[in-house]
Amino acid sequence: MDLSLYFVTGRELLPPGKEYLESLEEALQGGVTAVQIREKNSDTLEFLQIARQSKILCMKYNVPLIINDRIDIALAIQANGVHLGQTDMPVHVAKTLLPTGMVIGVSCNNMDHVRKAIEDGVDYIGIGAVWGTTTKELTNPIIGVRGVGSLLQALDGTFIKAVAIGGINSSTVLRTLHGSVSPSGHRLDGIAVVSQIAASATPRSAAQRLKDSFEAWVHGFDVQNQTVQVYDVETIKNGVVELLQVIRDKNPLIHQITNVVVTNQSANATLALGASPIMATASEEMHDLSRIPGALLINFGTITDKDSMILAGKYANEAQKPLVFDPVGVGATQFRKTTASELLNTWQASVIKGNPGEMAALANSKEVQAKGVDSVGSGFADPASFIRELAKKERCVAVMTGPTDWVSDGTTVVKLDNGRKILGDITGSGCLVGTCVATFCAGASLLATAPGTNPGTESEKLVRGNMLIGAIGGVLALTVAAECAAERSDVHGSGTFLPALIDELYKLKPETLLSRAKVHVL
Ligand SMILES: Cc1ncc(COP(=O)(O)OP(=O)(O)O)c(N)n1
Ligand SMILES: Cc1ncsc1CCOP(=O)(O)O
């Protein structure tokens, strides 16, 4: 059964003047691949009639029909299957009542539900609610995009299909699909949708849009899985130098929502690299800024603009712009942890950058501790494996800073050895890395969207351009410039180091980067 676009009906949501059967037929014409009749307010006779009429239409389009909750109705109309919630008829009882071959789907909100569904041998699970929704009063917690991945991983090795449900619409669909892939590479088989189709005056185009997004994303996912990109040191260094040139030629806008401690020096570092900073925080301007080529940096060192962070990130994903997230001091307070989780469930970061303490807190690891915004101790026993797994889990490039910097896209791990101790003696050196990474990612994005490249070919992506090279470029630019600054005879301590660092970023030459960068591909 193809569950890729699973329409769950909602007659109560029909727009004025729209007939139910007309709406269902248009949805089927738009490419719905499975239909579930969900009647929460009808008596048995009305439910039966609606199910019968719906079945005729579904058969016309050769689309399977599932009945929500009611085994008797499913049997009466010989539906293709039933969907059961956690408080509905238990699966083992339903199995005794249903003929073999009739599909059984179950709602799952947590790992216990998934384990039970596997034990019961269901055909598919509906994981939800992934996002907030007004269609149903939720009695279980919202799972969030990242929570779906761990439930999917539990299905590894089974034939049970999985769809996500709750708040899926044309704005959230790509984020849902991309962010829910498990670390083992298990993806959703489909999306289940009520209001985006049922409440639409044009259900055909609503369904078509969702179907196009789903198919484009799956195609991109399959292509990516089939192509292993192998990096060598020369390719990386040359890629970084190319991005430096793009930044200086194209002067991208680097929108930064950052903390009060580093705002000025971050803006100056951006300018020194050849890009254009804007330190804007009002939610009213987030949409306009997202339309300008460049990148977005969200640094929550002093979290006061959470709503703007949420909006800016959503718009950046929509515009396929790089989004660099610097979860400063995320382990320091419960508020920071909850906020980071909320942000990461809402938008997809292209790069997450942090020190070992911050990265440990994000990964719920106790191996490295933090004190406020600083990491304490000697770091991870196996930083390469840690960073690779974190990148895989968060579906982005991960950068872990320190005396040695580690960068991974979840496959390749790159170790960078240009770190200088004096960087730790100025405030906000980690934040400056974030700024430089955002600037180089902007360069990577501009390179990928340069005239001559077809923007239509990668419509399924949340970001365009090579974010691994962008992240490495940002780290190298800052650490190589720091090396140059630290060697200067006019630098006597941290006070003279900071302006010298900005100077060295300003003067940074491709040949300096090429000769000094200490890059190791693992
Ligand atoms: C595909 C899919 N997944 C989950 C649900 C929710 O079912 P349930 O938990 O039984 O809640 P109600 O739909 O009965 O309100 C679903 N219907 N479909
Ligand atoms: C039935 C159901 N189960 C979990 S969320 C939900 C409603 C989904 O509706 P919508 O697609 O309109 O958010």
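Start by selecting ligand 1 in this predicted model: 17 residues surround it, and Gly-85, Ser-107, Gly-126, Ile-165 and Ala-192 come nearest. Now colour the strands. Those that give two or more residues to this shell are β1 (5–8), β5 (103–108), β6 (124–128) and β7 (161–165). Colour the shell by residue class next, and you will find eight polar residues, five nonpolar and four charged around ligand 1.

**Next stop: ligand 2**

Move your selection to ligand 2. How many residues surround ligand 2? There are 13, and the closest of them are Thr-133, Thr-135, Gly-166, Val-194 and Ser-195. Here the classes come out as six nonpolar, six polar and one charged.

**A stretch named in a record**

Select residues 5–197. An unreviewed UniProt entry gives this range the feature "domain: Thiamine phosphate synthase/TenI". Show the ribbon for the stretch: 36% of 5–197 is helix and 19% is strand. Then pick the C-alpha atoms at its two ends, which are 11 Å apart.

**Two domains**

Now give each domain its own colour. The domain assignment sets domain 1 at residues 5–226 and domain 2 at residues 233–521. Between their centres, taken over C-alpha atoms, there are 38 Å. Where the two domains touch, domain 1 contributes 14 residues and domain 2 also contributes 14.

Stay with domain 1 for a moment and select three helices: α6 (145–153), α7 (173–179) and α9 (203–226). Each of them supplies at least two residues of the side that touches domain 2. What classes of residue make up that side of domain 1? Six are nonpolar, six are polar and two are charged.

**Step back to the whole chain**

Zoom out and show everything as a cartoon. You are looking at 20 helices and 19 strands. The radius of gyration of the chain is 25 Å, close to the 24 Å that the globule rule gives for 522 residues, so the chain is as compact as a globular protein of that length. If you draw a box around the C-alpha atoms along the principal axes, its sides are roughly 90 × 45 × 40 Å.

To finish, colour the chain by burial: 52% of the 522 residues count as buried. You can also switch on a contact map. Of the contacts with a separation of 6 or more, 71% join residues 24 or more positions apart.

Technical notes: Residues are numbered from 1 along each chain as its sequence is written. Chains are lettered from A and ligands numbered from 1 in the order in which they are written. This is a predicted model: local features need pLDDT of at least 70, side-chain atom pairs count only at pLDDT 80 or more; totals for chains, interfaces and linings use all residues. A residue is near a molecule or strand if its C-beta atom, placed from the backbone, lies within 6 Å of it. Ala, Val, Leu, Ile, Met, Phe, Trp, Tyr, Cys and Pro count as nonpolar, Asp, Glu, Lys and Arg as charged, and the others, Gly among them, as polar. Domain bounds come from an automatic or database domain assignment. Two residues are in contact if their C-beta atoms, placed from the backbone, lie within 7 Å. Helices (H or I, at least four residues) and strands (E, at least two) are DSSP runs, numbered from the N terminus. The radius of gyration is taken over C-alpha atoms; the globule rule is 2.2 Å times the number of residues to the power 0.38. A residue is buried if 20 or more other C-beta atoms lie within 10 Å of its own, exposed if 12 or fewer, and partly exposed in between; C-beta atoms are placed from the backbone. UniProt positions are given in the numbering used here, feature names are shortened, and annotations may be inferred rather than shown by experiment.
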